[in-house]
Structures are given as C-alpha cells and as structure tokens.
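Please work through the exercises below with the sequence and the structure at hand, and try each task before reading its solution.

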Amino acid sequence: MPYLVPPHIPPGRLADLEQPVLTADGDLLLRPWRSEDAPAVVAAFSDPAIQHWHLRRADSEDEARDWIGQWQDAWRSRTGAHWAVVRPGGAGDGAGEVLGRVSLRSLMTAMGMAECSYWVLPVARGRGVAPGAVSALARWAFDEIGFERIELAHSVRNEPSCRVAAKAGFALEGTRRRSLRHADGWHDMHLHARLRGDDARGDRDGGAEAGRPRPGAAFSPARRPPR
C-alpha cells in the first residue's frame, strides 16, 4: 500500500555519511564517542544530579564501553546520533577533555523529526556548554540533513534543563503528564521543540565571531577520529 506523503528526508540521506565532527561556541567540539572515553561516562553517571534525571547508572568502565559501542552502532544503523562534547587539546585530533554528551534519538527521517538529549559533567556546568552543544547539533540537523522538527523533553522539576532548552531556541510547547517514571516516581515532562527556520537566541547576536567556523559546521581534524 503506497504512502500518500513522500518521505521528508529521502531514504539513504544518511547512508553514506560518516558521522561528522561539529564545532560549537566556546571553542568546543562535538565528536563521535571513543572507547577510551569510558572513564568520563562512568564519572557522569556517578554524579547524583545526572543519576536523578536518568534511568540508568554505569558501574564499571567495561559497562561504559558497552554503552559507547551501542552509541556507535546507532549511527551505523541510522537509528541515533551521539556525540561527546569536548574541549580539544593541542594535538588537533579532537581528543581533549570530555565535558558532556549530546545526541539525537528516535530518528524519524520519513517525518523529518528527532529528539535531542544531553548531559554535562559537574566541572563544566554553568559555562554555556549544554546550550552551545544543543544549538550546534540542531543547526547541523536542520541545515545539513533536512530535519523539520527536533523535540527536547525534561522533567518539570529539572529547571536547569528548561533554561538550556530556552537558550538553545527550543520553545516550550506544553506538559506531558506522568510521562516518565524516575527512581522517585512518575514525573510530568515539559515538551520543547525547535523547528527549521526558528531563530535560536544564540544566533541573534550574529553567531560565531568573524573568521571562526560557524557553530554546527563540520570540522576536519588533523587525524580522523577512530570509529
């Protein structure tokens, strides 16, 4: 039975695309995860604040490496896209210090929709890392791939995430009642969304400084990150 509406993003749009490294404001890079990032993942999911808003914990580096493998597999299967947010070191290879994670989940290319999620390690909070990374990811998804809508959801009790969403240009659309069960019970969830063509707050002041890469643009390091 044929569909009456053609796919918003043509089939195969992501098929031959290698996961890019993206630039973000604040001299940050979004790069694919590597197995050697496992200690940073364990540190993140040992943080009480991250545990409070997530449904899992990592008890060992081996378990964290398994997660990283799943994130890498998601890109290969085109079901998700996960990046480490790093402050690069001097080698130009994107190694650097892992500050957080940003991802696109539930990729629905036929409908042009996806869901964004993120976390930031305690040492990097309050420095614009999360809104910068989310903005760069959204710009890539809209401009390079052609998504029409990206959603972002968080517990109504998670006020910092609400501020991140607003700074990254995700409008608050409503509340999903008892939408997700956390360790302390059911939570209502705020639903934010950004549409292609929406003006993010970070873009209203002119974006990146003159002569610097535009946030969200693909970046080619001196050495290609291992997959």
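The exercises that follow concern a predicted model, and they go from the whole chain to single residues.

**Exercise 1. The overall build**

Task: Find how many helices and strands the protein chain has, and in which order they run from the N terminus on.

Solution: Begin by counting the elements, which gives 5 helices and 9 strands in the protein chain. Next, follow the chain from the N terminus, where the order reads β-β-α-α-α-β-β-β-α-β-α-β-β-β. Then turn to burial: of the 227 residues in the protein chain, 45% are buried. Finally, consider the contacts between residues at least 6 apart in sequence, of which 65% join residues at least 24 apart. The accessible surface completes the picture, with a total of about 12,000 Å², and carbon and sulfur atoms account for 51% of it.

**Exercise 2. Helix α4**

Task: Compare the span of helix α4 with the expected span, and decide why α4 can be called largely enclosed.

Solution: The first step is to locate α4, which covers residues 129-145 and so has 17 residues, with an expected span of 24 Å at 1.5 Å a residue. From the first C-alpha to the last, the helix reaches 23 Å, which is close to that expected value. The second step is to look at burial, for which a residue must have under 20% relative accessible area. In α4, 15 of the 17 residues are buried, and therefore the helix is largely enclosed by the rest of the structure. The last step is to look just after α4, where Gly146 takes a positive phi of about 105°.

**Exercise 3. The largest pocket**

Task: Describe the lining of the largest pocket, and state which strand supplies the largest share of it.

Solution: Start with the volume of the largest pocket, which is about 1,200 Å³. Its lining consists of 41 residues, and those nearest the centre are Trp53, His54, Tyr118, Trp119 and Ser161. Continue with the elements that each supply at least two lining residues, among them α2 (48-53), α3 (61-77), β4 (97-108) and α4. The largest share, 6 residues, is contributed by β5, a strand that spans residues 113-120. To finish, sort the lining residues by character, which yields 21 nonpolar, 11 polar and 9 charged.

**Exercise 4. Positive phi outside glycine**

Task: Locate Asp27 and Arg78, and give the phi value of each.

Solution: Take Asp27 to begin with, which is found in the loop between β1 (21-24) and β2 (28-32). Although Asp27 is not a glycine, its phi is positive, at about 60°. Arg78 is found in the loop between α3 and β3 (81-87), and its phi, near 60°, is likewise a positive value in a residue other than glycine. As for accessibility, Arg78 has 22% and counts as partly exposed.

**Exercise 5. Leu107 and Pro160**

Task: Is Leu107 buried or exposed, and which residues does it touch?

Solution: First place Leu107, which is in strand β4. Its relative accessibility is 18%, so Leu107 counts as buried, the limit being under 20%. Leaving out residues up to four places away in sequence, Leu107 touches Leu14, Arg78, Thr79, Gly80, Met113, Ala114 and Phe147. Of these, Phe147 is 40 residues away in sequence, with 9.4 Å from C-alpha to C-alpha.

For practice with another case, take Pro160, which is found in helix α5. Pro160 has 46% relative accessibility and counts as partly exposed. Between Pro160 and Gly126 there are 9.4 Å in space, C-alpha to C-alpha, while in sequence they are 34 residues apart.

How values were computed
Residues numbered from 1 in each chain as written. Predicted model: local features only at pLDDT ≥ 70, side-chain atom pairs only at ≥ 80, totals over all residues. Heavy atoms only, no water. Helix = DSSP H or I, 4+ residues; strand = E, 2+ residues; numbered from the N terminus. Buried < 20%, exposed > 50% of the residue type's maximum accessible area, 1.4 Å probe, protein only. Contact = heavy atoms within 4.5 Å. Areas by Shrake-Rupley, 256 points an atom, 1.4 Å probe, with all protein chains shown as cover. 1 Å grid on protein atoms, 1.4 Å probe; cavity = no way out; pocket = protein on both sides within 12 Å on 5 of 7 lines; lining within 4 Å. Points joined across faces, edges and corners; volume = space filled by probe spheres on them. Nonpolar A, V, L, I, M, F, W, Y, C, P; charged D, E, K, R; others polar.
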